[in-house]
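I opened the model today to look through the ligand site, the backbone around it and the domain interface. My entries follow in the order of looking.

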Amino acid sequence: MNQTLILVLNCIFLFFINELTAQDMSIDQKVDGLLSKMTLEEKIGQMNQYSSFYDVTGPAPSEANAKKKYDHIKGGLVGSMLNVKGVEEIRKMQKLAVENSRLGIPMIFAYDIIHGYKTLSPIPLAESASWDLEAIEKSARIAATEAAAAGLNWTFAPMMDVSRDARWGRVMEGAGEDPYLGSLIAAARVRGFQGDDLSASNTILACAKHFAAYGFAEAGRDYNTVDIGLSTLYNIVLPPFKAAQEAGVRTFMNSFNELNGIPATADEFLQREILKGEWGFEGFVVSDWGSVKEIAYHGQAESEEHATERAVNAGSDMDMESYYYVNHIKGLVESGKIEEAKIDDAVKRILRTKFELGLFDDPYKYCDEEREKTMIYHDDHMKAVLDIAKKSIVLLKNEDNLLPLPKSGKKVALIGALADDKNSPLGSWRIASDDNTAISVLEGMKAYKGNELLHSAGPALVNGEVSFVMQVNINKDDRSGMEEAVATAKDADVVVMVLGEHGFQSGEGRSRTKLDLPGLQQELLEAVYAVNKNVVLVLMNGRPLAISWAAEHIPTIIEAWQLGTQSGHAIAQVLYGDYNPAGKLPMSFPRTVGQVPIYYNNKHTGRRYPEPVVFWSHYIDEENSPLYPFGYGLSYTTFEYKNLNVKVQGKKVDVEVTVQNTGSLAGEEVVQLYIRDRVASVTRPVKELKGFDKIMLQAGESKKVSFTLTEQELGFYNNQRKFVVEPGFFDLMVGGNSADGLSTEFEIE
Ligand code: NOJ
C-alpha cells in the first residue's frame, strides 16, 4: 500500500472512531469536552445575548453599535440573539457565528412568541378562561411549530406571573390570579413549546418568566416595587414556576422588579438557593432586557462592574442587552470577585441546551425555507386557534335568553369601534404577526354559515340583516357617528355592541388607573340602551374591566377578550348558538377599580363578618365581593350540583359529586373544587382551588365527577418554607364558580 492510501485509510478510521465516541458520549461529556477547549473570553461570550441589528447580512455594518455586535458574533462572543426572525435572516446570522468564530459554536435564536408566531391564538389570559389544558398545550404547539419553521428555537414564554391586579397591563400575558390553575397551565404551555423531544425540528425552548413576583407590582404599575411575605411567595407566586420546572422547562427569565429589597436579577436566594438549589434546575437563567444594568438604578450597585458581579454571583447566566457581561466579567474573574467555576457552571447550562436542541449536529436545522412556507398560516393551525378561541369566550350574563341569536329574520345592528377592527383582536405581544389579520366581528357575522368556517366568505348576509355602524372611536372625544349609531340601534331588533380596549391598551408598560370602557364607549353604550334594550355587549379587552353599569342594565354580556386570528368566527359561532360557551373567568372582575387587588383566595381577617357597626373589614361605599368572581361563566344551558360525598383515608380524600344538565341544550361545565384549611399555623385563604374537571353533558344528562385530594393539595408552605399538611377540619366546596356551590367538611387526623 502506498503512503497516501495508508494516510487516507487512517483518516477514515479516525473519523469513524471520533464519530462513534461523539455519538456514545452523553451531553454532559460533550459539554465538558467543549468547555475544556474554551478561553475565558469565549465562555463569557456564551453568556452574552444581543438583540438584532440592521445590515446583518451585507458588509460589516457601519453604525458603531451594530458593528460591535457584528464583530462580537464573528469573534465567538455572542451565545444568543433575540429579535432576529425568518429563515433567511437567521441562516445568515448563524453563519456569522459558525463560520467565523474559532470554535464555531452555534447561537440560539430567541423571540417573544407569546400567543403565536403568525397564526395567533387568543391572548394567554383569554386562553386560560378555557380551563382546557389540552387546547392550551396545542396552542403552544402551534406557536412552536410556526416559530421553529421560521428559524427560531427559543421563546420567551410562558409568562406565569400570578397577578391580582387588573391595572397591571401584563395580566393579558398570564393565566390570571390562581396558583393552582396557573401551575397546570404553565406546565401545559411548557409541554406545548418543548414537546417531548427538544431536538425535533418543530419544538423550541420555553422560558418560565418572570422570576419572580413581577405580577405583584405595587398599585399595578409595571416594573414597580414588590414587597411580599414568604407565605405569599411560596404559596402563590412560586407554584407555577415550580410546575414549569417539573415539566422540564429549559430556561428561566428573571424579572425587572425588586423583591423585598433585592432586584430579582441580583437575587441569590431566588436563583441559586431556590431555583438551582432546592428545585435542582439544570437549564439556564436569562436576564430580562437590560435588567443587569438596572441593578444600579435600583440602588444596589455602584458601577457597571458591581452590577455584573451581583448578577453573576446571584445566578443570572445570560445577559440580555446590558453589554455588562461581555465588558466586565473577565476583569471580575481576574480580580477574584467572581469565581471562574461560576462562569463554567453558567456556560455548561447554556451549552447543554444547544446540544439538546441538536444545534451542534446541524446549526441550520431550523432553517428550511420550504417548511417556513408551508407551516405558517397552515390550515390546521387556523382550525386549532378557532377551537381555542371559542373555548376562551365567557358568557357573563344572558337575561331572558337574548342569546343565541336566531339565524334569520332579525334585524341586527352591529355597533362599536372594535366591531370591524382587524387588529385589536390580535391583542398585545404579537410582534412577529402581520397587522390586520384577525377576522373582525363584522366579517365573522357576515360570513357566518355554521361551524368550522375558517375564512371570511364574502359579503352575503346569510343571517338576516346586519347594519353596521362603526363610528365612535375608543379614545377620542369625537362624537361624530354617535347619532347615526343610536338611530341604527333604534331601528334594529337586536344590537350587538363590540366595546373594550384596543389591542395595545394592555401588555408591557400598559398599566391603567381606570378599568372602565375607555373614551366615549360608556356614553355610547348608555345612549344606545336608551333607545333599544335588546343589547348584546361583546367585550374585547386584555384585562378584567369594571363594568358595573353594564352588568346592571345590559341584558347580555360576552367576555370575548382578544381572541387572535379567528376572533370574528369564534364570536359569531357563540352569538348564533352553534357553539355553547363554557369559559370561566381566570381573574375576578371588580365592581370598581378601588377594590383592586381583588382575588377569590383572600384571607379571612379578624374582622370579616358584617357587624351592625362600622368596624369590620369592608368599604362604606361598595360591597366587598367582586362583580364576577373567579371561575365564573354561564352557558346556554344550566347545571345542577347534587350528592356531594367525601371519604377520608389518612391524608387522601376522595370526593364525588353529581352534575346534571338541567337545560335543553348540550353544554360543557367546568366543575371546580375548593378547600379551606380552617385552622393552621399560618392563616390559609378562605378558598383555594384544588381540582377541576371540564365535562360535556347532553340535555338532561347527569354525570358523577370524582376528585382525589392528596398531601399535595392539602398542604401548604409554612413560614419556615416547609411543606406541611396540618391536621384539623377543612371546608370543601364544589360548584361552577368560586362563589357558589355545594359544601361540606372533612377532617385530617
Ligand atoms: C422585556 C419583557 O419583560 C420580557 O418579557 C421580554 O421577553 C423581553 N423584554 C424581550 O423582549
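Entry 1. I looked up His 210 and found it in strand β5, which covers residues 207-211. I note here that the model is predicted. The peptide bond that joins Lys 209 to His 210 is cis, with omega at about 0°. I then checked Phe 211 and found that its bond to Ala 212 is also a cis peptide, with omega near 5°. Ala 212 itself is in the loop that runs between β5 and α9 (230-237).

Entry 2. Which residues surround the ligand? I listed Leu 82, Asp 112, Phe 156, Arg 170, Lys 209, His 210, Met 253, Phe 256, Asp 288, Trp 289, Met 320 and Glu 508. Both partners of the first cis bond, Lys 209 and His 210, are in that list. I went on to the polar distances from the ligand. For Lys 209, a side-chain N or O atom is 2.8 Å from a ligand oxygen. For His 210, the corresponding distance from side chain to ligand oxygen is 2.7 Å. For Asp 288, I read 2.6 Å between a side-chain N or O atom and an oxygen of the ligand.

Entry 3. I compared the ligand list with the domain bounds. The domain assignment gives domain 1 as 3-373, domain 2 as 380-595 and domain 3 as 639-748. Glu 508, one of the residues around the ligand, falls within the range of domain 2. Lys 209, His 210 and Asp 288 fall within the range of domain 1.

Entry 4. I turned to the pair formed by domain 1 and domain 2. Their C-alpha centres are 37 Å apart. In contact are 48 residues on the domain 1 side and 43 on the domain 2 side. How much area is buried between domain 1 and domain 2? I noted about 3,400 Å², with 64% of it coming from carbon and sulfur atoms. On the domain 1 side, Leu 120, Ala 166 and Arg 167 together supply 16% of the area buried against domain 2, more than any other three residues there.

Entry 5. I went through the polar side of this interface. The rule finds 3 salt bridges between domain 1 and domain 2. I also looked at the salt bridge in which the side chains of Lys 391 and Asp 132 meet, at 3.2 Å from N to O. Polar contacts across the interface of these two domains come to 23 residue pairs. Which elements give two or more residues to the side of domain 1 that touches domain 2? They are α6 (124-128) and α7 (133-149). Of the elements, α7 gives the most, with 6 residues. Sorted by class, this side of domain 1 holds 22 nonpolar, 11 polar and 15 charged residues.

Entry 6. Two further positions were on my list. Asn 260 is in the loop between β7 (258-259) and β8 (262-263). Its phi is near 50°, a positive value in a residue that is not glycine. Glu 356 is in helix α15, residues 340-357. What does Glu 356 touch, leaving out residues up to four places away in sequence? I found Ile 27, Leu 198, Ser 199 and Arg 250. With Arg 250, the side chain of Glu 356 makes a polar contact to the side chain, at 2.8 Å.

Definitions and conventions. Residues are numbered from 1 along each chain as its sequence is written. This is a predicted model: local features need pLDDT of at least 70, side-chain atom pairs count only at pLDDT 80 or more; totals for chains, interfaces and linings use all residues. Side-chain values use heavy atoms; hydrogens and water are left out. Domain bounds come from an automatic or database domain assignment. Contact means heavy atoms within 4.5 Å. Buried area is the accessible area (1.4 Å probe) that two parts lose on being put together, summed over both. A salt bridge is a side-chain nitrogen of Lys or Arg within 4 Å of a carboxyl oxygen of Asp or Glu. A polar contact is a pair of N or O atoms within 3.5 Å; within protein, one must be able to donate a hydrogen and the other to accept it, and residues adjacent in sequence count only if both atoms are side-chain atoms. Helices (H or I, at least four residues) and strands (E, at least two) are DSSP runs, numbered from the N terminus. Ala, Val, Leu, Ile, Met, Phe, Trp, Tyr, Cys and Pro count as nonpolar, Asp, Glu, Lys and Arg as charged, and the others, Gly among them, as polar. A residue is near a molecule or strand if one of its heavy atoms lies within 4 Å of it.
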